[in-house]
Amino acid sequence: MRRVAIVGVGVSKFGYRPDVSLPELAWEAVKEALDDARLDAKDVEAYVVGNVGGWSSEPLPAVVVGEYCGLAPSSGIRVEAACASGSSAVRTAYHMVASGEADIVMAMGVEKMNESPTPTVVEFIGRAGNYFWEFENFGLTFPGYYALHATAYMNKYGATEADLCEVAVKNHYYGSLNPKAQFQKPITVEECLKSKYVAWPLKLYDSSPITDGSAAVILAGEEVAKKITDTPVWIKAIGAANGTSNLSKREDFAGLEAARLAAQRAYRRAGIDPSEPVKHLDVAEVHDCFTIAEIMAYEDLGFAKRGEGYKLAREKQTYIGGVIPVNLSGGLKAKGHPIGATGVAMIAELTRQLRQEVERGRQAPIRKGMALAHNVGGTGHYAFVTVLSL
Amino acid sequence: MSTVVEKLREYLDRAEAEQIRQLDQLVAATGLPVYRDPKTGALIWVDVRELRLRFQLSVNRIAKFVEGLSQERLYYTVCRRCGAKYFPPQADCPRCKSSDMEWREASREGELVTWTVINVKPASFAHNKDYVVGIVKMPDGFNVTAWIDADPSTLRPGMRLRLFVGKRPGENYITYWFRPV
Ligand SMILES: [Zn+2]
């Protein structure tokens, strides 16, 4: 397997985007990534699209996007790993390049969730577990699944709703500095605590929003990458794992086993000491679809000991200057969570962090040259941990 | 007496009636199903083709589970070759690749592991009041996800809950739920 670099990245403005169709939305990210790499659509030998859909009208998004963006007749496919579809697109593209099958491959994600009304979107995501045993009879929702984890975590370790809100406050703060984020305003713990419950103990401000958005990254083999750019960002390792579809089959609800396994696998491949990964990393983007998810991520990734993740939030250790800065993009919480695009957007953000080209106030100091993306699909159903390096 | 299916259909029709009326008016007035999004001014084409989904799920190989419900019992499966237990019941054992399964009735009491209250409901559950969903550890060696009929403020981890199988009030089809002992 040969080394694979990221040579171009693009992200659309995230949010409520009735101003564009799905392929037009994809083009925003595709064009930015092509411009970044100084390539044309015809240079892309293959492309992989992360998209979950159901709420949007196009059942074959890879085909529609391929035509609109001028990527066809290159080979394109759509991949699905729920909210981690974007990471699965990056991983599939990585394999195409690493294997030598292609020199230049694009991974992208696009989602137009607002083509359907909110209750329909809630219905679709709620069905994303084990349909018959969790939804048909019991009407679980996506916040509901994470709330089951939040209740267990809070009972086990004594974390409070205010601790969870600290995550929302941090991510809204950094989102306010990211012009592409859906939410542009900082919030306070008090505002968060006052927001309505969506699935007790999780509130509206604990939750990522319904988002339209797209992201694209262009991957290239080592030789080609060095011709395209002076600052290639290397994909050092990808670790992936899956959890049970039925939450009832989990041993433990205070963390996500699949994320722990994905981290272990990525750390081994990247040569990162799993007992102290923060020593190796400048910055991380983690999957904060709900605030509890970011706290569990701290522990599943080994940024904090088991049962102490909420203390990182409480002590503000994941801001710039703390133990490790997390979600300087605003995270899913404030940047938005266009399901299939999220994982690709994480990789685009970290690439720009490592190149030191993000907006003032949210640029992490880059000293070690390594960054980590943690992208979870469903409720620990899929997990991908991707390590990037300069 | 209307069934769960009729009730839900009526609810969804009511929720959508106004939109459909507006769409028809739009087409009648302008000849196009097009309007300006009030929030952004973006031009929107409203899909005139509606897609209604209702799936046909096979429960053929877990017929014993369905039969059990009608007798107010909850069944799980145990692999006769390797002893692995399955709830939700599985007809096949991936551990030893056997499909020789024994059906056993689940115990009537378990311990609460975790729970949530669904406040913002999916469209197909929107006709319900807020409901509690929990995961309950059964002494048989598996957990069961189901509704918990209780005031959520009284719930504690580890508390004893009793399993009920029967017609869910208001929906009139047989399912299973828990109540504090
Ligand atoms: Zn067996």
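Are F142(A) and F290(A) buried or exposed? I opened the notebook with this pair, bearing in mind that I am reading a predicted model, and I found that both F142(A) and F290(A) are buried.

**Entry 1: rings around F142(A)**

I asked next how many aromatic pairs the structure holds, and over all chains the number came to 25. One of them joins F142(A) to Y146(A) in an edge-to-face arrangement, for which I noted 5.7 Å from centre to centre and 85 degrees between the planes. I looked up where these two residues sit, and they are four residues apart in helix α6 of chain A, which covers residues 142-157, so about one helical turn separates them. Y146(A) is buried, as F142(A) is.

I then returned to F142(A) and F290(A), whose ring centres lie 5.2 Å apart with the planes at 65 degrees; because an angle over 60 counts as edge-to-face, I entered this pair as edge-to-face too. F142(A) belongs to helix α6 of chain A, whereas F290(A) lies in the loop between β9 (283-285) and α11 (291-300) of chain A, so the pair ties together parts that are 148 residues apart in sequence.

**Entry 2: a ring cluster and Y76(B)**

I followed the ring pairs further and came to a cluster that links F132(A), W133(A) and F138(A) with F65(B), Y76(B), F87(B), F142(B) and Y176(B). From this cluster I picked Y76(B), which I located in strand β3 of chain B, residues 75-79. Its relative accessibility is 4%, and therefore Y76(B) counts as buried. I also looked up A91(B), which is 15 residues away from Y76(B) along the chain, and the C-alpha atoms of the two are separated by 9.9 Å.

**Entry 3: charges over rings**

In chain A, I found K333(A) over the face of Y205(A), at 5.8 Å from the ring centre. In chain B, I found R168(B) over the face of W147(B), here at 3.7 Å from the ring centre.

**Entry 4: the second largest pocket**

Which residues lie nearest the centre of the second largest pocket? I listed R250(A), E251(A), F253(A), K137(B) and N143(B), out of a lining of 20 residues, and I wrote down a volume of about 510 Å³ for this pocket. The elements that contribute two or more residues to its lining are α6 of chain A and, from chain B, β4 (85-86), β7 (131-138) and β8 (142-148). Of these, α6(A) gives the most, with three residues. Sorted by class, the lining has nine nonpolar, four polar and seven charged residues.

I checked the domain assignment of chain B as well, which gives domain 1 (4-45), domain 2 (58-105) and domain 3 (108-181). Since domain 2 and domain 3 of chain B both give residues to the lining, the second largest pocket lies between them. For domain 1 and domain 2 of chain B, I noted that the C-alpha centres lie 45 Å apart.

**Entry 5: cavities**

I looked last at the cavities of 30 Å³ or more, of which there are three. The largest cavity has a volume of about 110 Å³, and among the residues that line it I noted V11(A), E32(A), N178(A), K180(A) and R362(A). Helix α14 of chain A, residues 342-354, supplies the largest share of this lining, four residues. By class, I entered three nonpolar, one polar and six charged residues for the lining of the largest cavity.

Terms used: Residues are numbered from 1 along each chain as its sequence is written. Chains are lettered from A and ligands numbered from 1 in the order in which they are written. This is a predicted model: local features need pLDDT of at least 70, side-chain atom pairs count only at pLDDT 80 or more; totals for chains, interfaces and linings use all residues. Side-chain values use heavy atoms; hydrogens and water are left out. Rings of Phe, Tyr and Trp (its six-membered ring) pair if their centres lie within 6.5 Å; planes under 30 degrees apart count as stacked, over 60 as edge-to-face and the rest as tilted. Buried means under 20% relative accessible area, exposed over 50%, partly exposed in between (1.4 Å probe, protein chains only). A charge sits over a ring if NZ of Lys or CZ of Arg is within 6 Å of the ring centre and within 35 degrees of the ring normal. On a 1 Å grid over the protein atoms alone, a cavity is a set of points where a 1.4 Å probe fits but cannot get out, and a pocket is an open set with protein on both sides within 12 Å along at least five of seven lines; lining residues have an atom within 4 Å of a point. Grid points are joined across faces, edges and corners, and a volume is the space filled by probe spheres set on the points. Ala, Val, Leu, Ile, Met, Phe, Trp, Tyr, Cys and Pro count as nonpolar, Asp, Glu, Lys and Arg as charged, and the others, Gly among them, as polar. Domain bounds come from an automatic or database domain assignment.
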